[in-house]
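Work through the following exercises with the structure open beside you, and try each task before reading its solution.

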Amino acid sequence: MLFLAPYNTGDHWMLVVVNLTAEIVYYLDSLGVNIGQRLEMRKMFDNAIKIYRANKGTKVSKIKFSNIKWMKIKCPIQDNGSDCGYYVLRFMREVLLCSEEGVIPHEYFPTHSSEKYSTEQIEEVKQEWCRYVFENIIISK
């Protein structure tokens with residue numbers, strides 16, 4: 001099972017995907033920032049997994065206790081300072097549609113790998129989001 005966790009640093013959105021069963025945390029950042037520069041975020045997710053283990057009663061060796069695997073995914077990179085939220089929406093969409101058995105390939109999904117998303121791909125996710133908000137929030141009131 002995958003948990004999708006959009007994360008905002010205060011001025012930038014990225015996606016963290018947690019596979020609790022395999023204890024792998026996938027990191028997708030449309031600016032391409034190395035996970036080593038996101039220590040606060042990493043600590044928060046590592047602690048969440050440790051709390052999950054404790055609540056589940058999982059016994060883990062001391063070596064594995066602090067050895068949660070993080071995987072930086074080579075995902076499309078934005079070429080401006082404003083599309084990060086749309087990139088995260090697109091990442092979530094592709095993770096839901098393409099991941100098999102809770103795995104995200106390091107080189108991203110072969111059918112969606114590119115250096116950046118096209119204007120059409122960003123517009124597509126904008127339209128899907130608008131349609132969802134309109135149909136499920138505005139009309140349903």
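A charge sits over a ring if NZ of Lys or CZ of Arg is within 6 Å of the ring centre and within 35 degrees of the ring normal. Keep in mind throughout that this is a predicted model.

**Exercise 1. Charges over rings**

Task: Find which residue lies over the face of Tyr 86, and which lies over the face of Tyr 117.

Solution: Begin with Tyr 86, where Lys 126 lies over the face of the ring, at 4.8 Å from the ring centre. Then turn to Tyr 117, where Arg 90 takes the place over the face, at 5.5 Å from the ring centre.

**Exercise 2. Aromatic pairs**

Task: Describe the geometry of the pair formed by Tyr 7 and Phe 45, and state which parts of the chain the pair ties together.

Solution: A search of the whole structure finds eight aromatic pairs, and one of them is formed by Tyr 7 and Phe 45, with 6.3 Å from centre to centre and 65° between the planes. Planes over 60 degrees apart count as edge-to-face, so this pair is edge-to-face. Next, locate the two residues: Tyr 7 lies in strand β1 (residues 2-8) and Phe 45 in helix α1 (residues 39-56), so the pair ties together parts that are 38 residues apart in sequence. Finally, both Tyr 7 and Phe 45 are buried.

Task: Carry out the corresponding description for Tyr 87 and Phe 91.

Solution: Tyr 87 and Phe 91 form an edge-to-face pair, with 6.1 Å from centre to centre and 80° between the planes. Both residues lie in helix α3 (residues 84-98), where they are four residues apart, about one turn of the helix. Buried means under 20% relative accessible area; Tyr 87 has 2%, so Tyr 87 is buried, and Phe 91, at 0%, therefore counts as buried too. As a last step, place the pair in its aromatic cluster, which is formed by Tyr 87, Phe 91, Tyr 108, Phe 109 and Tyr 117.

**Exercise 3. A residue of helix α1**

Task: Decide whether Ile 49 is buried or exposed, and list the residues that Ile 49 touches, leaving out those up to four places away in sequence.

Solution: Ile 49 has its place in helix α1, and because its relative accessible area is 2%, Ile 49 is buried. With those sequence neighbours not counted, Ile 49 touches Val 18, Leu 20, Glu 23, Val 25 and Ile 68. Of these, Val 25 is 24 residues away from Ile 49 along the chain, and the C-alpha atoms of the two are separated by 9.6 Å.

Notes
Residues numbered from 1 in each chain as written. Predicted model: local features only at pLDDT ≥ 70, side-chain atom pairs only at ≥ 80, totals over all residues. Heavy atoms only, no water. Phe/Tyr/Trp six-rings, centres within 6.5 Å; stacked < 30°, edge-to-face > 60°. Buried < 20%, exposed > 50% of the residue type's maximum accessible area, 1.4 Å probe, protein only. Contact = heavy atoms within 4.5 Å.
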